[in-house]
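Dear colleague,

I am passing on a structure for you to look over, and my notes on it follow below. Please read them with the coordinates open beside you.

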Amino acid sequence: MDRQFDLYLGIDWTGAQPARSVAMAACDAAGLVCPIQPQGRFWERLEVARWIADQAAGGKRILAGFDFAFAMPWVTGQGYLDGRVPDVADMPALWDLVEEASAGGADAFAGAAVLDPRLFPSFWINGPMPSHWGDGSTKRRLVEKVAADTGAGTPVSVFKLAAAAKQVGKASLAGMRTLRHLHGLMGDRLCVWPLEIPGPGQSVVMEIYPTLFRKQALGGNRKVVERKILEPGLAFYGCHADASLPDRFDDHIGDAMISAAGLRHLSRQPSAWAPAWMDADTARCEGWIFGVGA
């Protein structure tokens with residue numbers, strides 16, 4: 001498998017509407033990292049998809065890491081969503097379900113999907129732990145358990161909207177819609193890892209977890225909001241920041257930049273593409289956070 005790419009993208013995500021905190025950074029093959037600015041004041045989710053598709057159409061081979069869950073937990077004997085959707089058997093079918101349940105929300109917004117009767121009963125919306133949560137084991141994907149067990153971090157369940165600022169559910173639902181749209185734009189020129197194995201010349205999208213990169217490169221989970229914090233992390237990955245980067249920036253830009261550098265580094269390690277805990281069913285149904293278990 002060819003593990004060389006022209007651009008490595010770190011993309012910090014949001015499920016809010018409007019999407020005012022999406023951030024994207026690029027690392028080139030030589031290790032130069034810089035933020036990618038939107039045409040307007042903020043990135044729109046579908047604008048990110050179009051930007052990636054346009055870069056690929058222009059001849060760039062891209063490895064793009066998105067900070068959201070590509071799928072929901074898959075439970076043996078039940079499938080997705082506590083068995084309410086027996087015909088939904090893999091990630092692309094799950095994305096189709098989320099698209100249908102989102103009622104055409106603008107810019108891939110998926111707020112309506114949370115209230116859809118096929119999805120709603122599985123969520124912890126607010127307040128104390130609901131009775132259906134049990135011990136929580138069926139609400140987390142395998143990769144989230146492995147991340148916690150290996151010290152990579154503790155990703156929040158896509159179903160736990162009660163996590164307030166740390167919740168990832170709405171961002172992930174919007175992300176699934178965005179991935180579906182991007183796949184429609186690019187077709188066979190795009191590989192969704194680990195659902196698929198990258199072929200020659202294909203660009204690749206994958207799930208990332210910026211906490212993993214911060215902990216690995218900086219030895220902790222502090223917010224990256226200053227150049228003096230970021231630069232040692234980039235150097236750990238053999239990268240450096242563009243000279244135009246200001247001394248201070250928001251943590252969304254910081255996460256995007258450290259993730260872009262981390263992707264360039266990890267993508268060159270064969271073990272990152274074949275984590276020991278990930279079997280074929282997990283790859284097909286739940287996906288994996290790149291770098292966990294590498």
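**Strand pairing, cavity and cysteines**

In this predicted model, Val 192 stands opposite Val 205, a residue of strand 6. That contact belongs to the pairing of strand 5 (residues 190-192) with strand 6, which runs in the parallel sense over three bridges. Strand 4 (residues 62-66) also pairs with strand 6 in the parallel sense, in this case over four bridges, and Leu 63 is found opposite Val 204 of strand 6.

Strand 6 itself (residues 203-207) is mostly covered, with five of its five residues buried. Ser 203, Val 205 and Glu 207 point one way from the strand, while Val 204 and Met 206 point the other way, and all are buried.

As for internal space, a search of the whole structure gives one cavity of 30 Å³ or more, and the largest cavity holds about 30 Å³. Its lining is formed by Pro 73, Val 75, Tyr 80, Leu 81, Asp 82, Thr 138, Lys 139 and Phe 159; by class, these are five nonpolar, one polar and two charged residues.

Finally, the structure holds zero disulfides. The sulfur of Cys 27 has its closest cysteine sulfur in Cys 239, but at 3.7 Å the two are too far apart for a bond, because a disulfide requires sulfur atoms within 2.5 Å. Cys 27 is buried, at 0% relative accessibility. For Cys 34, the closest cysteine sulfur is that of Cys 27, at 8.8 Å, which is again too far for a bond, and Cys 34 is partly exposed, with a relative accessible area of 23%.

With best wishes

How values were computed. Residues are numbered from 1 along each chain as its sequence is written. This is a predicted model: local features need pLDDT of at least 70, side-chain atom pairs count only at pLDDT 80 or more; totals for chains, interfaces and linings use all residues. Side-chain values use heavy atoms; hydrogens and water are left out. On a 1 Å grid over the protein atoms alone, a cavity is a set of points where a 1.4 Å probe fits but cannot get out, and a pocket is an open set with protein on both sides within 12 Å along at least five of seven lines; lining residues have an atom within 4 Å of a point. Grid points are joined across faces, edges and corners, and a volume is the space filled by probe spheres set on the points. Ala, Val, Leu, Ile, Met, Phe, Trp, Tyr, Cys and Pro count as nonpolar, Asp, Glu, Lys and Arg as charged, and the others, Gly among them, as polar. Buried means under 20% relative accessible area, exposed over 50%, partly exposed in between (1.4 Å probe, protein chains only). Helices (H or I, at least four residues) and strands (E, at least two) are DSSP runs, numbered from the N terminus. Two strands pair if DSSP finds at least two bridges between them.
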